[in-house]
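This report describes a single protein chain for a reader who is new to structural work. Please keep the sequence and the structure in view while reading.

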Amino acid sequence: MSTSLAAYAKGGNLPTLDKNAMAKALASAGAEESTGSASDGVEYVSFSGKTGSITFGRDRDDLPQDELFLMESRSAFRGWICWTDNKPVARHQWSIYQPEMAIPERELEDKGPYARAQDGWQSMLGFGFMSEDGEVQYSFSTNSTSGKNAVADLFDEIAQRTIRGEPNFPLFYFTREKFQAQGEWNFKPKFDVEEWITEDEAAAMLGGEAEAEPEVAPEPEPEPEPEEVKPARTRRARRT
């Protein structure tokens, strides 16, 4: 794993997984949910379904919608968040790869009284991601139905690509999509994938080394032709 991914792991406690376990957990989390800066150095991203604003950190800076981000698939999590008077008052979260850490709804503490119908505990989905150079690490979670559906769709695509042995690290733009529900216009997050890359490519892009796979004695093969040297990745402007 690259040095930047390793740094993220220190804050997120990423589990070690084989590909089948990873795909199964991602698919399961997506299927079940389809219906400010922290002291650890991670910037928390907020999304407004009313205005479509995407902000991060204590100062609510705008998250650039024309900047590519890299998702670390093993940082996916789920949990519960409790709202009172339009403010989050408590939350519990755990890695989707560690279901034994999950807290059942019946064991959630009562934070009432609740003044609004939307107050109380709600399930959430989320994941970690980072800037292309790995210098800034973010975390995004959502408890809205449209938001969870968007995250679930991304999880499902990663799971399917993992099963097929295809590149499963998304380079994406974090944008928004407008939709109408019950006569009102709202926004939902959109993860516009520009390119799917392998873990080796992600590590090379961030200037580190990929996590080594278990060694297997190779079968004798013919001497390979020299491989074409690809130019190093550079930050790209969004296509218009």
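## Overall architecture

The chain has four helices and ten strands. Starting at the N terminus, the order of the elements is α-α-β-β-β-β-β-β-β-β-α-β-β-α. The model is predicted, and the values below were computed from it.

The chain comprises 240 residues, of which 41% count as buried. About 14,200 Å² of the chain is exposed, and carbon and sulfur atoms supply 47% of that area.

## The nonpolar cores

Which residues have the most contacts inside the largest nonpolar core? They are Val 45, Leu 63, Phe 127, Phe 129, Phe 174 and Phe 191, in a core of 24 residues. The elements that contribute two or more residues to this core are β2, β4, β7, β8, α3, β9 (169-181) and β10 (184-197). The largest share, six residues, is supplied by α3.

There is also a second, separate core of ten residues. Among its members are Leu 68, Phe 169, Leu 171 and Tyr 173.

## Aromatic pairs and the aromatic cluster

The model contains 16 aromatic pairs. One of them joins Phe 69 and Tyr 138, whose ring centres are 5.5 Å apart and whose planes meet at 80°. Planes over 60 degrees apart count as edge-to-face, and therefore this pair is edge-to-face. Phe 69 belongs to strand β4 (residues 68-71) and Tyr 138 to strand β8 (residues 137-142), so the pair ties together parts that are 69 residues apart in sequence. Phe 69 counts as buried because its relative accessibility is 0%, where buried means under 20%. Tyr 138 is likewise buried, at a relative accessible area of 4%.

Phe 127 and Phe 155 form another edge-to-face pair, with 6.5 Å from centre to centre and 70° between the planes. Since Phe 127 is in strand β7 and Phe 155 in helix α3, this pair ties together parts that are 28 residues apart in sequence. Both Phe 127 and Phe 155 are buried. The four residues just described also belong to one aromatic cluster, made up of Phe 56, Phe 69, Phe 127, Phe 129, Tyr 138, Phe 140, Phe 155, Phe 172, Phe 174 and Phe 191.

## Charges over rings

Two aromatic rings have a charged side chain placed over them. The charged end of Arg 176 sits over the ring of Phe 187, at 5.6 Å from its centre. Lys 178 lies over the face of Trp 185, 5.4 Å from the ring centre.

## Two buried threonines

Are the residues Thr 162 and Thr 55 buried or exposed? Thr 162, found in helix α3 (residues 145-164), has a relative accessible area of 5% and is therefore buried. The side chain of Thr 162 makes a polar contact of 2.8 Å with the side chain of Asn 168.

Thr 55 is placed in strand β2. Its relative accessibility is 10%, so Thr 55 also counts as buried. Leaving aside residues up to four places away in sequence, Thr 55 touches Tyr 44, Val 45, Ser 46, Arg 60, Asp 61, Asp 62 and Leu 63. One of these, Val 45, was named above for its contacts in the largest nonpolar core, and Leu 63 was named there as well.

## Unusual backbone geometry

Most residues other than glycine have a negative phi, and most peptide bonds are trans. What kind of peptide bond joins Gly 112 and Pro 113? The bond is cis, with omega at about 10°. Pro 113 is located in the loop between β6 (87-95) and β7 (120-131).

Two residues that are not glycine have a positive phi. For Arg 60, phi is near 55°, and this residue lies in the loop between β2 (54-56) and β3 (61-62). Arg 60 is also one of the residues that Thr 55 touches. For Asn 86, phi is about 70°, and its place is in the loop between β5 (77-84) and β6. Asn 86 counts as exposed because its relative accessibility is 54%, and the exposed class begins over 50%.

Key
Residues numbered from 1 in each chain as written. Heavy atoms only, no water. Buried < 20%, exposed > 50% of the residue type's maximum accessible area, 1.4 Å probe, protein only. Polar contact = N/O pair within 3.5 Å; in protein donor to acceptor, adjacent residues only side chain to side chain. Phe/Tyr/Trp six-rings, centres within 6.5 Å; stacked < 30°, edge-to-face > 60°. Lys NZ or Arg CZ within 6 Å of the ring centre and 35° of its normal. Core = buried A, V, L, I, M, F, W, Y, C linked by side-chain atoms within 4.5 Å. Contact = heavy atoms within 4.5 Å. Areas by Shrake-Rupley, 256 points an atom, 1.4 Å probe, with all protein chains shown as cover.
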